[in-house]
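Here are some short exercises on charged side chains, each with a worked solution. Have your viewer ready and try each task before reading on.

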Amino acid sequence: FVKRGNNFDNFETFTSNRRNEFENWMWKRIEVSVHFYNNHNVPVELYWINSNRATFNGILDPGQKIGITTYLGHEFYVRSTDVDNFENAPRRKKLSPNSGLGSFKIVSDENNQVINILTVCHDLSGECGFWASHGECDR
């Protein structure tokens, strides 16, 4: 294994017949630190996306930052806490592309990456199908 930017003199090898030993060794080499900054005007929810599942990582208030350790290839989704937070909302937390503030995939092995969460135009519901069935998309 050689980390990007290093020459082959820094080549590391690992040998084991145990899968978990190899996985532990490999994960440590693709670990990165990431800092999320909430520059949006209301609190935001941060989720780690793994396949078709979202794991809630917390809420960041406006101006707040959080540093986390993650891995190359991991993806995060951010949405405003005002999404689906109104009277008659379906009360489900459906994460949809149009209701989010961004989806961020970790593609660099650089440490201390900064991800700025900005205010962007977004739907106030992740449930467009629900609202369409109630005639709301015709307005």
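**Exercise 1.** Which side chain meets arginine 29 in a salt bridge? Locate both partners and classify their exposure.

*Solution.* Keep in mind that this is a predicted model.
- Step 1: The partner is glutamate 12, with an N to O distance of 2.9 Å.
- Step 2: Arginine 29 sits in helix H1 (residues 19–29), while glutamate 12 belongs to the segment before H1; the two are 17 residues apart, and the pair links distant parts of the chain.
- Step 3: Partly exposed covers the range between 20% and 50% relative accessible area. Arginine 29, at 22% relative accessibility, therefore counts as partly exposed, and glutamate 12, at 32%, does so too.

**Exercise 2.** Are glutamate 45 and arginine 79 buried or exposed? Work out what their contact connects.

*Solution.*
- Step 1: Glutamate 45 is buried, and arginine 79 is buried as well.
- Step 2: Their side chains form a salt bridge, at 3.1 Å from N to O.
- Step 3: Glutamate 45 lies in strand S2 (residues 44–50) and arginine 79 in strand S5 (residues 75–80), so this pair ties together parts 34 residues apart in sequence.

**Exercise 3.** What is the N to O distance in the salt bridge of glutamate 21 and arginine 18? Assign an exposure class to each partner.

*Solution.*
- Step 1: The distance is 3.3 Å.
- Step 2: Glutamate 21 has a relative accessible area of 34%, so this residue is partly exposed.
- Step 3: Exposed requires over 50%; arginine 18 reaches 54% and is therefore exposed.

**Exercise 4.** How many salt bridges does a search of the whole structure find?

*Solution.* The search finds five, including the pair glutamate 45 and arginine 79.

Terms used:
Residues are numbered from 1 along each chain as its sequence is written. This is a predicted model: local features need pLDDT of at least 70, side-chain atom pairs count only at pLDDT 80 or more; totals for chains, interfaces and linings use all residues. Side-chain values use heavy atoms; hydrogens and water are left out. A salt bridge is a side-chain nitrogen of Lys or Arg within 4 Å of a carboxyl oxygen of Asp or Glu. Helices (H or I, at least four residues) and strands (E, at least two) are DSSP runs, numbered from the N terminus. Buried means under 20% relative accessible area, exposed over 50%, partly exposed in between (1.4 Å probe, protein chains only).
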